[in-house]
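Colleague: Could you take me through the mixed sheet in this one, strand by strand, and then whatever is worth a look around it? I'd like one connected walk rather than a list.

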Amino acid sequence: MQGGVNGRPAAPPPPPRRAAWEALAEHQRRLADVRLEDLFAGDKERFQRLSFRVAGMLVDLSKHRVTHETVALLLELARAASVAESRDAMFGGERINLTEGRAVLHVALRNRSGRPMLTDGVDVMPQVRAVQEQMHRFSASVRSGEWRGHTGERITDVVNIGIGGSHLGPQMAVRALRPYADGPRLHFVSNVDGAAIHDTLSGLNPATTLFLVASKTFTTLETMTNAHSARTWRVTALGADAAVARHFVALSTNLTAVEAFGIEPKNAFAFWDWVGGRYSLWSAIGLSVALAVGYERFEELLEGAFAVDEHFRLTPLAENVPVLMGLLNVWYGNFFGAETWAVLPYDESLTYLPAYLQQASMESNGKSVTRGGQPVTWQTGPVVWGQPGTDGQHAFYQLLHQGTKLIPADFIVAAKPQHPLTEHHHILVANFLAQTEALMLGRSAAEAGDPAKSFPGNRPTTSIVLEQLTPRALGSLVALYEHAIFTQGVVWDVNSFDQMGVELGKELAKRLVPEVQNGAAVAGAHDGSTAGLLAAIAALREGRQP
Ligand code: F6P
């Protein structure tokens, strides 16, 4: 069995997953030395058989180290883990987020079918539509100039203040859809590091700037600290607390806290506890996207996601692309010992996609306790990382090609660019193709004439080809990953919808703030290193050597 868990040897999960798991482990031993080029040579239809079309995307899984038998065994594991039943429970509004006792219904936010979506017997669609209408009206009025700032000027700049799911999705989508941007300029502030808000505000005019305070809980330290600094900046510049009314709106589930902050209820855009932070791009948290590109484009994003939701919901597991993608991650993570998964968009507009997927995957599946509360003995969520090609080719691809680690990688490209520089796009696409081919084929030492110049090859990749990076295509792409991540979580038997792992650090930081302010640790409150570091920072701040 590959890949130890927390320093202990890995062991297969108990029944009902065990039989399929052990069969896969046995199968992996037989397949370990099989080369991808031989699989292609033995099956002329391999590309056709293992590449899929979903919602306008072409997803090529043929460069994976799998045979008919591998796929059959992975599907058996999915069945044993009740992937289809768990998916249906999610769409059915069941409280599948067990630790928090919540439903997981972000799919309702992009339900374009007119069908009700129930949780606890209540249809959530009327409230979803009401907030969507509010977003539509508001974004249209800001974009048209009907909405004016306190001094009667038109809004030219919008600052989204949020972090994690209240930041990464909107930032990723606004960047991805820049070719469609025809509204106010969008800025994003997430880090509590004062440099973030300070540098952003220093270029802006308080009379023409609108702030979106984006926070599901409206208690997050970073976001509330930044929001208070933004409010002080406004009030200092315009001299009136009343100025807040025309310049601050909130995107949150906690409307009481929104009001306490001084934002009027009519400027609050609600969502609900059944929308996880990392799945909230589709909710009121997407308001920045609607402001940047228009509400109609935001709706196209939802429609793209809906198309993949329908595919995920209705397609048999054997052709269900997000299910297959999720299972491939399990295959490498649990049976080849792969610890990471690279996301490599050949698209500058998808600059923030790897960071977005980092949260989507790592906050969802970075768990080591099962849904039943037992410690896992198998690997769960991989480390997700990446950046746009071709930049990475001149940096970390060396390790992908010749390093000792097996790193499955997703390559993403659009067939048609959003700019007129066709020649650039041809070069970009050529690189996209060259890399996955090189990773697969490698080059033997004999062929290279020098071991240092040889490439082991047999390195698995997924290629995702979009026609063009439209709002619809972006929605589909993100939903594809969401459901792949869902599938992995079910197979690993973890709750993909809580994030208890972020709490301890938050608690300790809160306790440490006064100690940092005072420049002195509370006696006996910390380990030797933390106390030493705190003292050193205090000394340096005061110009003393620690
Ligand atoms: O600390 C993690 C987290 O809770 C994420 O899950 C969430 O997306 C982020 O913080 C921001 O939370 P909020 O939207 O409540 O400010």
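Modeller: Here is the sheet to begin with, then the helices on it, a few single residues and the ligand site. Keep in mind that this is a predicted model.

The sheet is open and has six strands, in the order E1-E2-E13-E12-E10-E11, with mixed pairing. Its edges are strand E1 (51–54) and strand E11 (383–385), each of which pairs on one side only. If you ignore direction, neighbouring strands are turned by 20 degrees against each other on average. As a reminder, strands of a sheet pair through backbone hydrogen bonds, either parallel or antiparallel.

Both senses show up around E13. On one side, strand E2 (residues 57–60) runs antiparallel to strand E13 (residues 461–468), and three bridges join the two. If you want a handle on that register, look at Asp60, whose bridge partner in E13 is Ser463. Then there is strand E12 (residues 409–416), which pairs with E13 in the parallel sense over seven bridges. Two pairs let you follow that register: Asp410 has Thr462 as its bridge partner in E13, and Ile412 stands opposite Ile464 in E13.

Now for what sits on the sheet. Helix H14 (residues 321–335) packs on it and touches E1, E2, strand E10 (340–345), E12 and E13, with its direction at about 135 degrees to that of E1. H14 is mostly covered, with 15 of its 15 residues buried. How does its length check out? For 15 residues at 1.5 Å a residue you'd expect a span of 21 Å, and the end C-alpha atoms are 20 Å apart, so the two agree. After H14 comes Gly337, with a positive phi near 75 degrees. Another helix, H17 (residues 422–441), lies across E12 and E13 and runs at about 150 degrees to E12.

Back at the edge strand E1, zoom in on Ser51, which is part of that strand. Is Ser51 buried or exposed? Its relative accessible area is 13%, and the cut-off for buried is under 20%, so Ser51 counts as buried. Its side chain reaches the backbone oxygen of Phe47 at 2.6 Å. Leaving out residues up to four places away in sequence, Ser51 touches Leu58, Val59, Asp60 and Leu61. Asp60 is the residue we met above as the partner of Ser463.

Trp492 is another one to click on. You'll find Trp492 in helix H19 (residues 471–492), and with a relative accessible area of 1% Trp492 is buried. Which residues does Trp492 touch? Not counting those up to four places away in sequence, the contacts are Trp21, Val330, Asn334, Asn365, Val376, Trp378, Gln379, Thr380, Gly381 and Pro382. Val330 and Asn334 fall in the residue range of H14, so through them you can trace a link from Trp492 to the helix on the sheet.

For a second helix to compare by eye, try H6 (residues 125–144). Its 20 residues should span 28 Å at 1.5 Å a residue, and its end C-alpha atoms are 28 Å apart, which agrees. Among the buried residues of H6 are Met125, Val128, Val131, Met135, Phe138 and Val142. The cover over the buried residues of H6 includes strand E4 (122–123), strand E7 (209–214), strand E8 (248–252), strand E9 (268–270), helix H12 (287–293) and helix H13 (295–314). Just after H6, Gly145 has a positive phi of about 90 degrees.

One more glycine: Gly93, in the loop between helix H5 (83–91) and strand E3 (118–119). Gly93 is buried, at a relative accessible area of 4%. Beyond residues up to four places away in sequence, Gly93 touches Ala103, Leu105, Leu118 and Thr119. The C-alpha atoms of Gly93 and Asp120 are separated by 7.3 Å, while the two residues are 27 apart along the chain.

Last stop, the ligand. There are 14 residues around the ligand, and those that come nearest are Ser166, Ser215, Lys216, Thr217 and Thr220. For polar contacts, a backbone N or O atom of Lys216 lies 2.7 Å from a ligand oxygen atom. In the side chain of Thr217, an N or O atom is 2.6 Å from an oxygen atom of the ligand. Lys506 also takes part, with a side-chain N or O atom 3.1 Å from an oxygen atom of the ligand.

Technical notes
Residues are numbered from 1 along each chain as its sequence is written. This is a predicted model: local features need pLDDT of at least 70, side-chain atom pairs count only at pLDDT 80 or more; totals for chains, interfaces and linings use all residues. Side-chain values use heavy atoms; hydrogens and water are left out. Two strands pair if DSSP finds at least two bridges between them. Helices (H or I, at least four residues) and strands (E, at least two) are DSSP runs, numbered from the N terminus. Buried means under 20% relative accessible area, exposed over 50%, partly exposed in between (1.4 Å probe, protein chains only). Contact means heavy atoms within 4.5 Å. The expected span of a helix is 1.5 Å times one less than its number of residues. Axes are lines fitted to C-alpha atoms, for helices over the stretch in contact, and angles run from 0 to 180 degrees between N-to-C directions. A polar contact is a pair of N or O atoms within 3.5 Å; within protein, one must be able to donate a hydrogen and the other to accept it, and residues adjacent in sequence count only if both atoms are side-chain atoms. A residue is near a molecule or strand if one of its heavy atoms lies within 4 Å of it.
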